[in-house]
Number of protein chains: 2
Amino acid sequence: MLAVARGAFAELGYSGASMNEIAGRAGIRKPSLFHHFPTKEALYVEAVGAALAPLGELVAEASRSTGDFGARLDRLSEMVVDYLSAHPETARLLVREVLDSGPFLSAGGKQTVGAILGAVGEFLEQGMRAGAFREQDARHLALSIIAVHLFYWAADPLSGAQIEGSIFEAAEVASRRAAVVEHVRALVRVAT
Amino acid sequence: MLAVARGAFAELGYSGASMNEIAGRAGIRKPSLFHHFPTKEALYVEAVGAALAPLGELVAEASRSTGDFGARLDRLSEMVVDYLSAHPETARLLVREVLDSGPFLSAGGKQTVGAILGAVGEFLEQGMRAGAFREQDARHLALSIIAVHLFYWAADPLSGAQIEGSIFEAAEVASRRAAVVEHVRALVRVAT
DNA sequence: GTCTATACATCGATAGAC
DNA sequence: GTCTATCGATGTATAGAC
């Protein structure tokens with residue numbers, strides 16, 4: 001049910017996805033949907049939170065682990081690509097939310113997002129201090145890396161414009177994964 | 001008038017920005033707005049087209065010029081950053097449009113966007129053939145570069161989360177411009 | 001060109017039967 | 001828990017006076 005809402009909000013946006021539309025996709029009527037969630041906002045906030053949490057977990061895992069920074073970075077890149085490609089609505093939903101400064105960010109989600117952003121920055125700065133990543137502005141670096149990850153999946157009408165199938169097809173995902181690993185490496189200028 | 005609409009659509013999205021809201025911002029009433037544009041869609045398509053055109057011109061200029069690929073790439077990066085930072089609504093509006101597969105893309109704008117994307121790809125491939133850029137998938141490279149450019153300005157609540165002022169302030173723009181030039185260079189792996 | 005007034009659909013949300 | 005029916009507000013768009 002949250003999954004249905006996530007899909008609708010991702011596809012149509014917060015104001016574009018009506019409770020009627022979401023209920024219809026879930027195979028029930030509008031008042032039944034209001035029985036499970038007090039307001040549209042509450043439904044939306046839960047849907048975004050559920051979509052964001054696994055990404056925070058991936059970042060935390062990369063921060064928590066030890067060893068070679070380059071290998072940890074590559075692994076994080078791959079895990080994020082795999083997650084975003086396996087859940088096609090997620091990137092779109094998250095990008096929409098930051099564009100809107102939407103109900104999720106307004107309702108305490110700013111802390112969750114800030115924590116994830118901070119963890120990414122912390123990881124990058126550790127790598128710089130260790131000499132594995134080139135010294136540079138960690139904030140701009142983190143934002144560019146996040147951009148590379150999210151934009152491609154969120155903008156699939158643009159990303160898939162010149163290919164025949166879907167960007168979420170296995171072969172295309174593998175192609176993007178390889179490209180992202182390479183691009184993120186280049187951005188941090190990992191010593192190879 | 002188009003500028004007002006651009007701002008409203010960028011801030012609130014296509015379905016979130018009502019004709020009443022736009023008319024109010026322009027200092028007139030709703031029917032007066034309908035006198036200038038036959039439908040909401042027509043107003044929106046014109047607004048997006050006007051926002052996109054200058055970016056296409058910048059890419060065309062970079063393609064058209066001759067000389068060192070690294071220098072042309074740096075100049076293009078700087079020009080794009082300057083344009084997007086000087087028109088704070090633009091990136092948000094364009095990102096929204098690709099997320100929505102909105103009225104602009106549906107109404108023939110797909111060709112305009114495809115042409116720009118193609119020109120970027122062409123420029124990158126020329127640089128690769130010339131040995132100035134590292135050989136790689138030009139499509140994925142172009143999308144990552146576009147992501148680095150657009151996402152930062154579009155997601156300003158995220159981009160500006162850890163700084164005190166606005167990301168559109170002069171000092172912050174200069175900081176981002178330097179970072180973007182560096183990041184795009186790293187992505188293409190320009191030989192320095 | 002801009003206005004008041006309005007038509008008609010859909011929005012989020014609620015009441016109350018089953 | 002799900003439904004029909006409905007409330008009041010707001011959406012796009014139009015009619016017609018000035």
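This report covers the overall build of chain A, the nonpolar core, and two local sites in chain B.

The model is predicted: local features need pLDDT of at least 70, side-chain atom pairs count only at pLDDT 80 or more, and totals for chains, interfaces and linings use all residues. Residues are numbered from 1 along each chain as its sequence is written, chains are lettered from A in the order written, and side-chain values use heavy atoms, without hydrogens and water.

**Chain A overall**

Chain A has 10 helices and zero strands. Helices here are DSSP runs of H or I with at least four residues, strands are E runs of at least two, and numbering starts at the N terminus. The radius of gyration of chain A is 18 Å, which agrees with the value near 16 Å for a compact globule of 192 residues. That radius is taken over C-alpha atoms, and the globule rule is 2.2 Å times the number of residues to the power 0.38.

| Property of chain A | Value |
|---|---|
| Span of the C-alpha trace along its principal axes | about 60 × 40 × 25 Å |
| Buried share of the 192 residues | 52% |
| Exposed area | about 8,000 Å² |
| Carbon and sulfur share of the exposed area | 53% |

Buried means under 20% relative accessible area, exposed over 50%, and partly exposed in between, with a 1.4 Å probe and protein chains only. Areas come from the Shrake-Rupley method with a 1.4 Å probe.

Of the contacts in chain A with a separation of 6 or more, 62% join residues 24 or more positions apart. Contact means heavy atoms within 4.5 Å.

**The core**

The largest nonpolar core holds 132 residues. Such a core is a set of buried Ala, Val, Leu, Ile, Met, Phe, Trp, Tyr and Cys residues joined through side-chain atoms within 4.5 Å. A:L124, A:F133, B:L124, B:F133 and B:F151 touch the most other members. Beyond its neighbours within four places in sequence, A:L124 contacts A:F133, A:A138, A:L141, A:A142, A:I145 and A:V188.

**Two sites in chain B**

Helix α1 of chain B covers residues 2-12. Its buried residues are B:A5, B:R6, B:G7, B:A8, B:F9 and B:A10. Their cover includes α2 (19-26), α4 (40-64) and α6 (90-100) of chain B. After α1(B) comes B:G13, with a positive phi near 85°.

B:V120 sits in helix α7 (residues 103-129) of chain B. B:V120 is buried, at 15% relative accessible area. Leaving out residues up to four places away in sequence, B:V120 touches B:V59 and B:A142. The C-alpha atoms of B:V120 and B:A62 are 9.0 Å apart, across 58 residues of chain.
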